[in-house]
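Open the model in your viewer and keep the selection panel at hand. The stops below go from one residue to the next.

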Amino acid sequence: MNVLTSITVLGFLIFFHEMGHFLAAILQGIYVDGFSIGFGPSIIQKKYKDITYSFRAFPLGGFVSFPDEELNNIDPKDPNLLKNRPIFQRVIVISAGVFANLILAYTILILNVATLGIPFEPEPGILVLATQPEKAADLAGLESGDKIIKIESRTLGVGDLAVSNLVKEIQSSSEKPISIEIERDGIFKEITLIPKKIDGKGTIGAQLQPNIRKETKKTKNIYELFKYSNKQFLSLLVKTIQGYKGLITNFSATAQQLSGPVKIVEIGAQLSEQGGNGILLFAALISINLAVLNSLPLPLLDGGQLVFTIIEGLRGKPVPVKVQIAVTQSSFFLLVGLSVLLIIRDTSQLLIVQRLLNQ
């Protein structure tokens with residue numbers, strides 16, 4: 001059921017993205033002849049007012065199609081064809097999907113904050129969420145629920161800054177002992193960590209976060225509601241952009257952090273176990289990711305089409321068809337190849353698959 005919920009959320013986000021393109025075209029009087037969720041052969045198809053609506057076999061995307069004047073017997077100079085509209089109107093249509101996902105994510109976060117409240121300010125120290133077996137943190141005796149208060153007799157402080165300071169200290173201390181003070185069930189004790197060297201940096205194999213109470217508090221007024229929602233939205237957006245930037249500038253170090261469709265569905269299923277809060281958070285995260293991903297300047301994505309359109313506006317004529325085809329084909333093979341690799345990798349990491357392989 002959780003997997004089904006995850007797939008449903010993904011389908012809704014794709015639908016919302018394509019609806020952005022669709023409405024941006026329809027409201028400007030631009031001809032549209034198709035609205036599809038998914039790729040491949042149609043499973044369900046219905047034509048209404050010269051527009052074919054369809055749900056296809058592979059629901060990993062979608063598209064809005066515009067009529068070919070030759071096939072539809074339309075005057076090539078008809079002003080309602082997308083290609084005959086001014087550049088700024090075409091830019092609106094191309095960008096509408098990205099803005100739709102951003103607006104949806106922002107709305108979800110506001111709804112989440114309004115219903116569940118906001119967290120209390122972080123308390124001193126860093127909370128250990130989990131440790132990996134046989135890694136430095138586990139070998140030193142660090143446990144889930146521990147609060148790290150000091151490192152080398154220095155107080156770490158509070159919030160994200162405290163986590164950042166600790167991570168920097170660990171990364172620069174590979175194979176060197178570090179003394180930390182922790183609080184466990186109200187008792188303070190010292191532990192010695194020896195970070196292992198991986199890719200030139202120290203690591204201890206622990207999941208850390210600011211020491212924040214599980215309880216939340218209701219917002220006092222609408223100003224506080226929007227203030228916290230804005231902060232949360234901008235934080236997620238900036239981190240997502242930085243993630244894609246890191247993928248481009250340092251692929252070897254960030255490639256393992258990529259998640260394909262299988263892993264995304266698995267994460268969504270895990271978050272949905274937490275109820276409505278988890279589902280909403282998953283929807284907001286993926287909606288922001290869809291927006292940023294589609295903004296990339298690859299021809300098969302909105303960002304690529306936007307680049308072609310802007311170049312046309314600067315040149316005064318379209319980019320040569322041969323150039324568009326060559327760039328689009330190379331982009332297609334790149335995206336398909338990456339998707340296949342991610343699906344294979346993520347599937348092999350599923351618990352049920354690992355059990356079968358180990359039999």
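Select His 17. Is this residue buried or exposed? His 17 has a relative accessible area of 5%, so it counts as buried. The model is a predicted one. His 17 sits in helix α1, which covers residues 2-26. Now show the polar contact of its side chain: it reaches the backbone oxygen of Gly 97 at 3.1 Å. Leaving aside residues up to four places away in sequence, His 17 touches Gly 97, Val 98, Asn 101, Asn 294 and Asp 302.

**Helix α9**

Stay with Asp 302. Asp 302 is one of the buried residues of α9. The others listed with it are Gly 303, Gly 304, Phe 308, Thr 309 and Glu 312. Colour these on the helix. A general point helps here: an α-helix has 3.6 residues a turn, so residues three or four places apart point the same way. Next, check the length of α9. Its 14 residues reach 20 Å from the first C-alpha to the last, close to the 20 Å expected at 1.5 Å a residue. Step off the end of the helix. Gly 316 follows α9, and its phi is positive, near 85°.

**Salt bridges**

How many salt bridges does a search of the whole structure find? The search finds four.

Go back to Glu 312 and add Arg 90. The two form a salt bridge, with their closest N and O atoms 2.7 Å apart. Arg 90 lies in helix α2 (residues 87-116) and Glu 312 in helix α9 (residues 302-315), so the pair ties together parts that are 222 residues apart in sequence. Both ends are covered. Arg 90 is buried at a relative accessible area of 10%. Glu 312 is buried too, at 15%.

Now select Glu 143 and Arg 184. Their salt bridge has its closest N and O atoms 3.6 Å apart. This pair links distant parts of the chain, 41 residues apart: Glu 143 is in the loop between α3 (136-140) and β5 (147-151), and Arg 184 is in strand β7. Glu 143 is partly exposed, with a relative accessible area of 42%. Arg 184, in turn, is buried, with 17%.

Move to Glu 169 and Arg 154. Their side chains meet in a salt bridge at 2.9 Å, N to O. Glu 169 belongs to helix α4 (residues 159-171) and Arg 154 to strand β6 (residues 154-155), so the bridge ties together parts 15 residues apart in sequence. Glu 169 is partly exposed, at a relative accessible area of 22%. Arg 154 also counts as partly exposed, at 43% relative accessibility. Before leaving, add Asp 146 to the view: Glu 143, Asp 146 and Arg 184 are joined into one network by salt bridges that share partners.

**Two loops with positive phi**

From Arg 184, step along to Asp 185. Asp 185 is found in the loop between β7 (178-184) and β8 (187-193). It is not a glycine, yet its phi is positive, about 55°. Asp 185 is exposed, with a relative accessible area of 77%.

Then jump to Asp 50. Where does Asp 50 sit? Its place is in the loop between β1 and β2 (51-65). Asp 50 is not a glycine, but it has a positive phi of about 65°. At 63% relative accessibility, Asp 50 counts as exposed.

**A nonpolar patch**

Select Ile 43, Ile 44 and Phe 55 and show the surface. These residues form a nonpolar patch there, with about 310 Å² of accessible area together. Ile 44 is found in strand β1, residues 34-48. Why does Ile 44 count as exposed? Its relative accessibility is 56%, and the cut-off for exposed is over 50%.

**The whole chain**

Zoom out and select everything. The protein chain has eleven helices and twelve strands. Of its 359 residues, 35% count as buried. The chain exposes about 21500 Å², and carbon and sulfur atoms supply 62% of that area. Finally, turn on contacts. Among those between residues at least 6 apart in sequence, 64% join residues at least 24 apart.

Definitions and conventions: Residues numbered from 1 in each chain as written. Predicted model: local features only at pLDDT ≥ 70, side-chain atom pairs only at ≥ 80, totals over all residues. Heavy atoms only, no water. Patch = residues over 30% accessible without salt bridge, like charges linked within 9 Å, V, L, I, M, F, W, Y side chains within 5 Å. Areas by Shrake-Rupley, 256 points an atom, 1.4 Å probe, with all protein chains shown as cover. Helix = DSSP H or I, 4+ residues; strand = E, 2+ residues; numbered from the N terminus. Buried < 20%, exposed > 50% of the residue type's maximum accessible area, 1.4 Å probe, protein only. Expected span 1.5 Å × (residues − 1). Polar contact = N/O pair within 3.5 Å; in protein donor to acceptor, adjacent residues only side chain to side chain. Contact = heavy atoms within 4.5 Å.
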